[in-house]
Amino acid sequence: INGRDKINYDEEVQRFEADLIRCALMKTGGVQRRAAALLNIKVTTLNAKIKRFGISPNGLIEDGGLE
């Protein structure tokens with residue numbers, strides 16, 4: 001594998017996780033408690049990830065996004 005073919009594992013995991021969170025939020029109408037239950041994580045964990053990934057409560061990306 002040359003340098004152009006490499007995948008940044010951490011970035012891809014974060015992107016996947018953010019997509020899951022956005023999907024759960026859209027399915028639950030932005031209700032974080034229900035989205036957390038759907039993802040089988042604590043509401044506080046979901047809230048921290050929403051802030052870290054820059055996701056709005058309705059599941060859309062806000063300013064900031066993934067780092």
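The following questions and answers go through the helices, the core and one helix contact of a predicted model.

In this predicted model local features need pLDDT of at least 70 and side-chain atom pairs count only at pLDDT 80 or more, while totals for chains, interfaces and linings use all residues. Residues are numbered from 1 along each chain as its sequence is written, and side-chain values use heavy atoms, with hydrogens and water left out.

Reader: What pattern does the chain follow along the sequence?
Author: Helices here are DSSP runs of H or I with at least four residues, and strands are runs of E with at least two, numbered from the N terminus. The chain has 3 helices and 0 strands, and read along the sequence its pattern is α-α-α.

Reader: Which helix gives the most to the largest nonpolar core?
Author: A nonpolar core is a set of buried Ala, Val, Leu, Ile, Met, Phe, Trp, Tyr and Cys residues joined through side-chain atoms within 4.5 Å, where buried means under 20% relative accessible area with a 1.4 Å probe, protein chains only. The largest one has 10 residues, including Ile 21, Leu 46 and Phe 53. Helix 1 (9-27), helix 2 (32-39) and helix 3 (43-53) each supply at least two of them, and the one giving the most, with 4 residues, is helix 1.

Reader: How is helix 2 oriented relative to helix 3?
Author: The axes, lines fitted to C-alpha atoms over the stretch in contact, lie 9 Å apart, and the angle between N-to-C directions, on a range from 0 to 180 degrees, is about 105°. Angles of 65 to 115 degrees count as roughly perpendicular, so helix 2 is, relative to helix 3, roughly perpendicular.

Methods. Buried means under 20% relative accessible area, exposed over 50%, partly exposed in between (1.4 Å probe, protein chains only). Angles under 35 degrees count as roughly parallel, over 145 as roughly antiparallel, 65 to 115 as roughly perpendicular and the rest as oblique.
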